[in-house]
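Biologist: I should like to learn how to read a structural model. May we proceed feature by feature?

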Amino acid sequence: MAEFDTVFHARRLVTEAGEGSGCVGVAGGRIAAVAPLEAGLEGRRVVELGDDVVLLPGLVDSHVHVNEPGRTEWEGFASATRAAASGGVTTIIDMPLNSIPPTVDVAALEIKRKSAEGQCHVDVGFWGGAVPGNLGELRGLHDAGVFGFKCFLLHSGVDEFPPLHPADLDVYLETVRGFDGLLIVHAEDSTVIEQAPSCHGAHYLDFLASRPRAAENLAVGHVIGAAGRTRARAHILHLSSSDALPVLASARRDGIRVTAETCPHYLALSAEEVPDGATQFKCCPPVREAANRELLWRGLADGTIDCVVSDHSPCTPELKRLDVGDFGLAWGGISSLEVGLPVVWTEARRRGFGLPDVVRWMAEGPARLVGLRGKGRIAPGYDADLCVFAPDEAFVVDPRRLHHKHPLTPYDGRPLRGVVRGTWLRGQELAGDRRHGRLLTRGEA
Ligand SMILES: [Zn+2]
């Protein structure tokens, strides 16, 4: 009688020790053993992997806007999690806004859970929201299992999710620290942006000038200041301005509990290459210059940036206003969940990074950020969430073949390296319409 349900014989795999070879034995949905390839572990099912593929831990994407319920026509749990599975992502954490109601109290969290139930191809957790007036709801949301709280420091794009004033950060952080929670911040300062040039028109560089680095730099400073005063944990979402890197590094040296993420688009795209009117490239903060992009890579290399997550934030094609190509009118948000891994890998390998780096940024880092102790690694005791990845295989992004609800993406037609050949969630291969994703609760998973 075999000891394992499934055994992977991987000529290449990524563990904490780096890239090597090994057998991975899975029992009861968990990784039960990692042994040298020569050990030849046996299971009821044996998956022989060739040397053209690398076994990776399933990715954890802590920044996804699913938008259901309320704006399900933008994206939904079924389509988003199907796209995630196809892209090697086995866990997503859903953002509290753009869905209606926004996840700002326990009743809204329950509504969101009900609408997700039974639809998910991968595991799904939820962020709560921190908005003016809901300070008293945070503890309840925390106890109900959200992974932390998102706030904005400027208009979020939707009226039902208003921003906090920077002066309010202290009291929200103090509250969150009371239960060792996490506040995650969209860090752009509204006063700087109000004084910046108009965002309207078809020229990308005009749009870029309307969301200057100074807005991010100042807001990051506000967050660091408040995190330092309150000794709470804060996290900078979707960092685009490389100017903020030395400030973040120095705050961490001072013991301030602040982390940061960036996104595939800031690492792969550049302002110089965005065609006029191409609003599928619009997101906030914006994609900046190529020189800025290279400094973000340096921030990843030296550990100032902890993770790379998609900020998948689609909408209906009409809201992108490609009819007029006006960056001011278009909804801001980039659709990328399914292609995040090949986008980052293509750029990473070009700069001399390896797959263990990508795993650190896209699996281990986000899992650590949200406190998912059983995900993001190939190691005994961890969930058997796995991605079979062919790193040398080339393809061209064809949006009609992606599983996002809408095909609009800035990666349309982009040649990439790295194809996800298979994805496994808690020991089960994800294929077709199998939906055995679980709804995750902080502390349990
Ligand atoms: Zn976002």
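Modeller: The dialogue below goes from the whole chain to its details. Please keep in mind that this is a predicted model.

Biologist: How many helices and strands does the chain have?

Modeller: The secondary structure comprises twelve helices and 17 strands. The chain is as compact as a globular protein of its length, because its radius of gyration of 21 Å is close to the 22 Å that the globule rule gives for 445 residues. The C-alpha trace spans about 70 × 45 × 45 Å along its principal axes. Of the 445 residues, 62% count as buried.

Biologist: In what order do the six strands of the open sheet lie?

Modeller: One reads a sheet from neighbour to neighbour. Here the order is S9-S10-S11-S12-S13-S14, with parallel pairing. S9 (128–129) and S14 are the edge strands, each of which pairs on one side only. S9 is joined to S10 (residues 149–152) by two bridges, and Gly128 stands opposite Phe149 in S10.

Biologist: Which residues coordinate the zinc ion?

Modeller: For a metal site, one looks for the donor atoms and then for their places in the chain. The zinc ion is coordinated by NE2 of His63, NE2 of His65 and OD of Asp311, at 2.1 to 2.2 Å. Along the chain these donors follow the spacing H-x1-H-x245-D. The pair of His63 and Asp311 links distant parts of the chain, 248 residues apart: His63 belongs to strand S6 (residues 59–64), while Asp311 lies in the loop between strand S14 (307–308) and helix H11 (340–350).

Biologist: Are His63 and Asp311 buried or exposed?

Modeller: A residue counts as buried when its relative accessible area is under 20%. His63 is therefore buried, at 0%, and Asp311 is also buried, at 8%.

Biologist: What lines the largest pocket?

Modeller: One asks about volume, lining and chemical character. The largest pocket holds about 590 Å³ of space. Its lining has 32 residues, and those nearest the centre are His155, Ser156, Gly157, Arg211 and Cys284. S10, helix H5 (190–195) and helix H6 (204–210) each supply at least two residues of this lining; H5 gives the largest share, three residues. By character, the lining of the largest pocket divides into twelve nonpolar, 15 polar and five charged residues.

Biologist: How much space lies in the second largest pocket?

Modeller: The second largest pocket contains about 350 Å³ of space. It is lined by 15 residues, of which Glu338, Phe395, Arg401, Leu402 and Val419 are closest to its centre. Strand S16 (415–425) gives the most to this lining, with three residues. The lining of the second largest pocket has eight nonpolar, four polar and three charged residues.

Biologist: What should one look for in the backbone itself?

Modeller: Most residues other than glycine have a negative phi, and most peptide bonds are trans. One therefore notes the exceptions to this general pattern. A cis peptide bond joins Ile100 and Pro101, with omega about 0°; Pro101 lies in the loop between strand S7 (89–94) and helix H2 (106–116). The bond from Cys284 to Pro285 is also cis, with omega near -5°.

Biologist: Which residue has a positive phi of about 60° although it is not a glycine?

Modeller: That residue is Arg231, in the loop between helix H7 (213–230) and strand S12 (233–236). Arg231 is exposed, with a relative accessible area of 62%. Arg426, likewise not a glycine, has a positive phi of about 40°, but Arg426 counts as buried at 13% relative accessibility.

Technical notes:
Residues numbered from 1 in each chain as written. Predicted model: local features only at pLDDT ≥ 70, side-chain atom pairs only at ≥ 80, totals over all residues. Heavy atoms only, no water. Donors = N, O, S within 2.8 Å, 3.2 Å for Na, K, Ca; no water. Helix = DSSP H or I, 4+ residues; strand = E, 2+ residues; numbered from the N terminus. Buried < 20%, exposed > 50% of the residue type's maximum accessible area, 1.4 Å probe, protein only. Pairing = 2+ DSSP bridges. 1 Å grid on protein atoms, 1.4 Å probe; cavity = no way out; pocket = protein on both sides within 12 Å on 5 of 7 lines; lining within 4 Å. Points joined across faces, edges and corners; volume = space filled by probe spheres on them. Nonpolar A, V, L, I, M, F, W, Y, C, P; charged D, E, K, R; others polar. Rg over C-alpha atoms; globule rule 2.2 N^0.38 Å.
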